[in-house]
Amino acid sequence: MRAVVRTLKTATIALRRNVMRSMLTCLGIIIGVAAVIAMMEIGHGSSTAIQKSIASMGANTILIMPGTAASGGISWGSGSTMTLTPDDCDAVIRECSAVRNAAPIVRARSMQLIYGNHNWIPQQITGTTDAYLDIHAWPIADGASFTDRDVRNSNKVCLIGQTLVRELFEGQSPVGKDLRMGSVTFKVVGTLVAKGANMMGGDQDDLVLAPWTTIKYRVSNQSSGGIAQSNAGASSSAASDSVNTLNQVYPSSANDLYPQLSTVQQADTPKPVRFINIDQILCAATSGMAIPQSIDQVTAVLHDRHHIHSGEPDDFTIRDMTELQKTMTSTTTLMANLLLGVALISLIVGGVGIMNIMLVSVTERTREIGLRMAVGARSRHILWQFLTEATILCLAGGALGIVLGRGGSLLVRVLLNWPTEISIPAIVVSVLVSAMVGLLFGFYPALKAAKLDPIEALRYE
């Protein structure tokens, strides 16, 4: 231990003889470590931002769609038959551990929105729950979201995107105001943060979100009910103009146009049980790696609920974003490797600079080395002295590089608004790499100094 302390003291004294040269020697390591810290923090922040951006567009989402209807050998495609219920969505949330959240989806046809003397037809009218916002990582810009109570009571409340804020309300806050969707008046309870265009170029902000029960029972049913009522009215008026009807000929009789089914016939041909159906179920996996597991769990739950046995075709379709997840992973990996390569080049350049300065130092101190050997110093003592000097230079440069790298990343965040994120592993690795660079690039000059012949060293001019 005493020898180690003596070696450190001797190395420190030797470095203090040429302070300027020592600082210039550290400069290469300072720049290299600062580049590592700044690049890793910028790269880590960018990767996190990219993951959040892609996740908000559906990287970790799973879409469950109803099954396929077929008639006369013709398949009508996915979603042509209604087989999903709100209870299926609740079961997925309750029984699938790999699913973070799930929301029922009810789509409505495009219809005109009216506020004052402004009107607009949005691209999407979606009925769902507040879990939809959590799945898409979509924060509220103003106001608040509708609640489960609104869903249970089919309340006429909605959230709108920034495109509707601009087109209908001319940029003013619409919270608390009423807009008309068809013939139904909705109260705007909140607005969504702007997201811009999606991967396909569609405007994500051109949408209305409302409780799915409201869209299903008040909007979709009313539009179809209105058509049915108008047709019924036309039929009744036509019937009133005609005179050859059973009610007019026999006003007091109750004739049946179709024969009544017997009890046995009713038992043989039961009427199908009607249930509340939804258009889709949107799920969010706990992570991108958990998507396959979540698909298996969702499939098992729906098989059990829909009584689908092994070998029978599914009455639902599951779509995932696996390809998008692979693209995201490859992109972030490529970016991280590129930044790491640039940082390693900087460290190598700094190590070469240390080797060069240490070789110059060995040449200048040849007589000193010979004198020390003449008074009893061993080759290993000379070796450890020069290795210690190189390591001290690298560690000092690494410490200053960490400070400079952190400051650089903070400046990038403040001045350029780039996302950065502190990386503790990068700081620890930078310290270790600095020490390794000192040992690696200082070994050859130290070995050269240790192998000097004392006699030749004393005669060196």
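In the predicted model, Glu41 is buried, with a relative accessibility of 0%. Its carboxylate is engaged by Arg406 in a salt bridge in which the closest N and O atoms lie 2.7 Å apart. Glu41 belongs to helix H2 (residues 19-56) and Arg406 to helix H13, so this pair ties together parts of the chain that are 365 residues apart in sequence. The two partners are not equally accessible: Arg406, at 22% relative accessibility, counts as partly exposed, whereas Glu41 counts as buried at 0%.

Glu41 also takes part in the surroundings of Thr420, being one of the residues in contact with Thr420 beyond its neighbours within four places in sequence. Thr420 is located in the loop that runs between helix H13 (379-416) and helix H14 (424-450). Although placed in a loop, Thr420 has a relative accessibility of 11% and therefore counts as buried, the limit for that class being under 20%. With the residues within four places set aside, the contacts of Thr420 comprise Glu41, Ile42 and Gly45, together with Ser409, Val412 and Arg413. For Arg413, the contact includes a polar interaction between side chains, with a distance of 2.9 Å to Thr420.

The loop between H13 and H14 also carries Trp418. In contrast to the buried Thr420, Trp418 is partly exposed, at 45% relative accessibility. Once residues up to four places away in sequence are excluded, Trp418 touches Ile42, Val412 and Arg413. Each of these three residues is listed among the contacts of Thr420 as well. A further relation across the sequence is seen between Trp418 and Gly45, which are 373 residues apart along the chain but have C-alpha atoms separated by 8.1 Å. Gly45 is itself one of the residues in contact with Thr420.

In total, the structure contains 5 salt bridges, among them the pair of Arg406 and Glu41 described above. Another links Glu95 with Arg94, where the closest N and O atoms are 3.7 Å apart. Of these two residues, Arg94 is exposed, with a relative accessible area of 57%, and Glu95 is partly exposed, with a value of 47%. A salt bridge is likewise formed by the side chains of Glu167 and Arg166, with an N to O distance of 3.6 Å. Both members of this pair fall in the partly exposed class, Glu167 at 28% relative accessibility and Arg166 with a relative accessible area of 48%.

Internal space was also examined. Rolling a probe the size of a water molecule over the atoms reveals where empty space remains. A search of the whole structure yields 1 cavity of 30 Å³ or more, and the volume of the largest cavity is about 100 Å³. Its lining consists of Ala14, Leu15, Asn18, Arg21, Ser22, Thr25, Ile357, Met358, Ser361, Arg365, Glu389 and Leu393. Two or more lining residues are supplied by each of helix H1 (2-17), H2, helix H11 (322-364) and H13. Helices H2 and H13 thus contribute to this lining and also hold the two partners of the salt bridge between Glu41 and Arg406. Classified by residue type, the lining of the largest cavity is made up of 5 nonpolar, 4 polar and 3 charged residues.

Key: Residues numbered from 1 in each chain as written. Predicted model: local features only at pLDDT ≥ 70, side-chain atom pairs only at ≥ 80, totals over all residues. Heavy atoms only, no water. Helix = DSSP H or I, 4+ residues; strand = E, 2+ residues; numbered from the N terminus. Buried < 20%, exposed > 50% of the residue type's maximum accessible area, 1.4 Å probe, protein only. Polar contact = N/O pair within 3.5 Å; in protein donor to acceptor, adjacent residues only side chain to side chain. Contact = heavy atoms within 4.5 Å. Salt bridge = Lys/Arg side-chain N within 4 Å of Asp/Glu carboxyl O. 1 Å grid on protein atoms, 1.4 Å probe; cavity = no way out; pocket = protein on both sides within 12 Å on 5 of 7 lines; lining within 4 Å. Points joined across faces, edges and corners; volume = space filled by probe spheres on them. Nonpolar A, V, L, I, M, F, W, Y, C, P; charged D, E, K, R; others polar.
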